[in-house]
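Here is a friendly walk through a protein and the ligand it holds. Please have the model open as you read.

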Amino acid sequence: MKSLSQKVDKIEESQTIAMTTLAKKLRAEGKNVISLSAGEPDFPTPENVKQAAIKAIQDNFTKYTQNEGIPELREAIAEKFRRDNNIDVKASNILVSNGGKHSLYNALQAILNPGDEVIVPSPYWVSFPEIVKLADGIPVIMKTKEEKGFTFDASDVEPLLTPRTKAIIINTPSNPTGAVIHEASLRSIAKLAAEKDFFIISDEIYEKIIYDGNKHFSIGSIPEIKDRVITSSGVSKAYSMTGWRIGFIAATEEIIKRAAKLQSQVTSNASSISQAAALEALRGPQTDVEKMRVAFEKRRDVMLKKLSQIDGMTVEKPGGAFYFFPSIKGLLGKKYNGTPLKGSSDVAQFILAEAQVALVPGGAFGADENIRLSYAYSEKELTEAADRISAAISKLK
Ligand SMILES: Cc1ncc(COP(=O)(O)O)c(C=O)c1O
């Protein structure tokens with residue numbers, strides 16, 4: 001038999017999806033597993049959004065739509081970018097795709113040529129380096145420091161620039177660290193991008209989940225560099241619509257045309273029903289978005305207190321999203337069943353086996369001395385999970 005695709009061999013499987021699947025399997029087998037591994041809100045999709053989808057079906061809005069997305073939705077997204085993000089765009093600057101992941105895929109495919117380098121700050125969301133590789137680009141990993149709250153500015157980026165640097169991916173608030181990059185740092189990177197000529201892919205999917213009274217700042221709002229920025233977002237996290245698969249980008253018309261051309265040959269339009277639902281999400285009442293944000297902030301505070309008390313873990317206070325990314329340095333080398341824990345995979349497996357709590361090893365995000373746990377779960381589950389982790393860790397020798 002002829003061999004299969006080498007391109008696929010070169011990419012990693014999504015560890016977050018793998019861990020979530022494993023936790024579901026163990027639960028189906030009757031194990032009392034608490035899974036803190038998934039990257040999705042636990043709330044139901046808001047009622048008005050569900051009703052809009054039901055109406056779309058009843059109205060037979062069930063056929064192909066325009067490849068780029070229905071005009072009303074593109075207009076509503078452009079309006080959202082102007083209103084919430086201060087980004088000056090029109091409907092023609094918007095492409096609607098099948099989730100934020102697909103939006104990022106299209107964006108990178110639209111701008112990269114073989115051998116182009118893309119700076120990816122680490123810890124990174126698992127898919128960033130893989131999506132770069134799929135577009136024949138080279139991910140250049142930029143390590144950020146825990147002591148600096150996993151933030152960075154132009155002084156961290158500059159040493160990594162080469163003549164082949166095509167873009168940087170910025171994700172604020174961040175998955176997996178919850179870090180929020182400050183406006184001043186984003187402005188310094190914008191200045192560098194203009195001077196050294198590179199693009200900025202700004203993944204702002206967690207833009208609505210931000211705490212401590214802070215306001216999200218979009219790098220695409222800086223007029224001098226607006227044509228260099230592709231802003232990616234979607235309804236998955238803000239409106240608890242992960243299963244509906246709607247993401248979108250804002251970029252120059254030229255980039256949108258290229259990304260749309262690619263999409264027209266691969267998936268065509270995103271689901272008509274989901275587009276109707278997303279339209280209601282963006283144009284309808286926003287009360288549920290704020291309710292969920294407030295709940296996440298409360299859970300963050302509850303969990304921060306709990307995790308800070310666990311010996312061997314140190315934890316930063318996340319400024320947004322719904323993840324903790326504690327350091328497990330203090331656990332490495334300790335023995336479980338006589339075998340030393342060597343890295344984040346060992347620690348995640350030990351916690352799953354001993355505490356029956358599923359979380360994701362930091363190695364998947366480029367940080368093998370950390371683990372990621374999501375707090376998009378009820379306070380009861382979070383408290384119980386933290387207690388179980390603490391009890392398990394106290395048994396390590
Ligand atoms: C940083 C980041 N970007 C993009 C996405 C993709 O979101 P979607 O579910 O809309 O594809 C996720 C989802 O986990 C994410 O964490």
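A residue counts as near a molecule if one of its heavy atoms lies within 4 Å of it. Keep in mind that this is a predicted model.

**Around the ligand**

By that cut-off, the ligand is surrounded by Gly99, Gly100, Lys101, Trp125, Asn171, Asn175, Asp203, Ile205, Tyr206, Ser236, Lys237 and Arg245. Sorted by character, this shell holds three nonpolar, five polar and four charged residues. As for where to look, the ligand sits in the largest pocket.

Some polar contacts are listed here, each between N or O atoms.

| Residue and its part | Ligand atom | Distance |
|---|---|---|
| Asp203, side chain | nitrogen | 2.5 Å |
| Lys237, side chain | oxygen | 2.6 Å |
| Gly100, backbone | oxygen | 2.7 Å |

How much of the ligand does the protein bury? Taken alone, the ligand exposes 400 Å², and the protein buries 92% of that.

**The wider chain**

Now step back to the domains. The domain assignment splits the protein chain into domain 1, made of 6-44 + 288-393, and domain 2, covering 47-283. Taken over C-alpha atoms, the centres of domain 1 and domain 2 are 25 Å apart. Where the two are in contact, domain 1 supplies 37 residues and domain 2 supplies 34 residues.

Note on methods: Residues are numbered from 1 along each chain as its sequence is written. This is a predicted model: local features need pLDDT of at least 70, side-chain atom pairs count only at pLDDT 80 or more; totals for chains, interfaces and linings use all residues. Side-chain values use heavy atoms; hydrogens and water are left out. A polar contact is a pair of N or O atoms within 3.5 Å; within protein, one must be able to donate a hydrogen and the other to accept it, and residues adjacent in sequence count only if both atoms are side-chain atoms. Accessible areas come from the Shrake-Rupley method with a 1.4 Å probe; for residues, only the protein chains shown count as cover. On a 1 Å grid over the protein atoms alone, a cavity is a set of points where a 1.4 Å probe fits but cannot get out, and a pocket is an open set with protein on both sides within 12 Å along at least five of seven lines; lining residues have an atom within 4 Å of a point. A molecule sits in a cavity or pocket if more than half of its atoms lie within 2 Å of its grid points. Ala, Val, Leu, Ile, Met, Phe, Trp, Tyr, Cys and Pro count as nonpolar, Asp, Glu, Lys and Arg as charged, and the others, Gly among them, as polar. Domain bounds come from an automatic or database domain assignment. Contact means heavy atoms within 4.5 Å.
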